[in-house]
Structure formats: C-alpha cells, structure tokens
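The following exercises are to be worked through with the sequence and the model at hand. Each task is followed by a solution in steps.

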Amino acid sequence: MSARLRAYAPADLPALRHVCVATGAAGRDATGTLPDVGILPDVYAEPYVVLEPSLATVVEDAAGQVVGYVLGTADTERFVAAWRARWLPVAASRHPAPDAVDHADQARLVRTLHTPESMRTRWVATHPAHLHVNLLPSARGRGLGRALLDRFTAAVAARGAGGVHLGVAADNPAAQAFYAALGYQCLGEDPGVVWFGRRLA
C-alpha cells in the first residue's frame, strides 16, 4: 500500500473519528462495544484537532483515504486548561455527566471527558507532551507508526517539550512491544493501562 503523511485538514475530521472507533478496542474495531461509541473520538481524537491542530498528522493511502494519525500536545498542563475552557462546553452537550455510581465503560469514558485533569499523570513534569497514534490494520507493519512518532516528537521538541508519554491498553501487548522497540521506557502501570515515555533532546 502506497501511503503518505500530511498535515491534518478540517475535512479529515469524519475519517479521523472513524479511525478512532475502528481501532478503539485495544487496536481492534470498537463498533458496537458501547451504547454511544462516539465518546471515543470525543475523548481521544476530536479535541486534539480542535485544540492542537498544528500537531496533528494523518496517513493518507493511495486512494486518498485517511488510514491513520498521530495527535497530541506539547504541554499537557496547558492542554487540560484549554480542554476545560474550549472543548468541554462543546462535548458536554453530547455526553452529560454520568451518575457517580455508574461504573460501566461508557460512564467511565464520559467521566474522563468531564475531568480532563486526569491527564495530569505523575509523569507530566518530566514528560509534558502526550500523544495518541492509531492506524487501521491495512496500514500497519509498513513503518508508518514510526514515521508518525518521529514527526510528532520532532514537532514537540521544537516547542520545548523535554519528554513525551502515552498510555497503552494493558491488553494490547503488540502496541507495548512496538513502543519498547522504539526506545520508549515503561514508566509504570495503572489498572488497564501501561504508561510509556521517552525523553527528548
């Protein structure tokens, strides 16, 4: 498959949301796994292109279809403030805050939407940037993930970020092995998540 990396454009948003859902179950298709699967791109994709569009890169295949992306921020603390001020008022109308005793997956994700402060992981001081990378199965195994990461880390390093971190699903060993092979260090674990990070020059 011939593919190229290019900057995100607003017309890519529907495709971006599709890729997020199609890879949203630990790299597998999340369609039908939640009452409202739109919560996935509302947490893990669209806010990044609203708040940090210049750091978004997409992979376009030979047919001109978006088959992957990298999204993120160079400054998680600033991003959290922007999320609360600019993204939450938009997305909260789609996903009202759940009942505090509701522990279903849907409610957990909606709670994440409403509490962006949870992005302030214990590694933000040393690894202030964070990112999300997703590729459709047809785009994997061709070096595109590495190319996306290289492009993103160069951009955030140029903005002064001394390190980058990300969370990987605990039940996605292939993704964990991928980041380890690229020199990302395991920073720690939380329930369901393995955290990886890399210091930047």
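**Exercise 1.** Which residues are buried in helix α7 (residues 173–181)?

*Solution.* The model is predicted, so local features need pLDDT of at least 70 and side-chain atom pairs count only at pLDDT 80 or more, while totals for chains, interfaces and linings use all residues. Residues are numbered from 1 along each chain as its sequence is written, and side-chain values use heavy atoms, with hydrogens and water left out.

Step 1. Helices (H or I, at least four residues) and strands (E, at least two) are DSSP runs, numbered from the N terminus. Buried means under 20% relative accessible area, exposed over 50%, and partly exposed in between (1.4 Å probe, protein chains only).

Step 2. By this criterion, Ala175, Gln176 and Tyr179 are the buried residues of α7. Viewed down the axis of α7, they fall within an arc of 100° and so line one face of the helix; the arc is that of the directions from the helix axis to the C-beta atoms.

Step 3. Pro173, Ala174 and Ala181 are exposed on the other side of α7. The cover over the buried residues includes β4 (129–135), α6, β5 (163–169) and β7.

Step 4. After α7 comes glycine 183, with a positive phi near 90°.

**Exercise 2.** State which residues tyrosine 179 touches, and place it in the nonpolar core.

*Solution.* Step 1. Contact means heavy atoms within 4.5 Å. Not counting residues up to four places away in sequence, tyrosine 179 touches Leu131, Val133, Leu149, Leu166, Val168, Tyr184 and Phe196.

Step 2. A nonpolar core is a set of buried Ala, Val, Leu, Ile, Met, Phe, Trp, Tyr and Cys residues joined through side-chain atoms within 4.5 Å. The largest such core has 57 residues, and those with the most contacts inside it are Trp83, Leu131, Tyr179 and Tyr184. Helix α4 (residues 76–91) gives the largest share of this core, seven residues.

**Exercise 3.** Compare the span of helix α6 (residues 144–158) with its expected value, and locate its buried residues.

*Solution.* Step 1. The expected span of a helix is 1.5 Å times one less than its number of residues. For the 15 residues of α6 this gives 21 Å, and the end C-alpha atoms are 21 Å apart, which agrees.

Step 2. Leu144, Gly145, Leu148, Leu149, Phe152, Thr153 and Val156 are buried in α6. These residues line one face of the helix, because they fall within an arc of 160° seen down its axis.

Step 3. An α-helix has 3.6 residues a turn, so residues three or four places apart point the same way.

**Exercise 4.** In which loop does aspartate 36 lie, and what is it in contact with?

*Solution.* Step 1. Aspartate 36 belongs to the loop between α1 and α2, and at a relative accessible area of 32% it is partly exposed.

Step 2. Apart from neighbours within four places in sequence, its contacts are His95 and Gln106. Aspartate 36 and glutamine 106 are 70 residues apart in sequence, yet their C-alpha atoms are 7.4 Å apart in space.

Step 3. Gln106 is one of the buried residues of helix α5 (residues 105–114). The buried residues of α5 pack against α2 and α4.

**Exercise 5.** In what sense do strand β6 (residues 185–190) and strand β7 (residues 193–199) pair?

*Solution.* Step 1. Two strands pair if DSSP finds at least two bridges between them. Strands β6 and β7 have five bridges, in the antiparallel sense.

Step 2. Aspartate 190 has valine 193 in β7 as its bridge partner. Two residues lie between the strands of this hairpin, where glycine 192 takes a positive phi near 85°.
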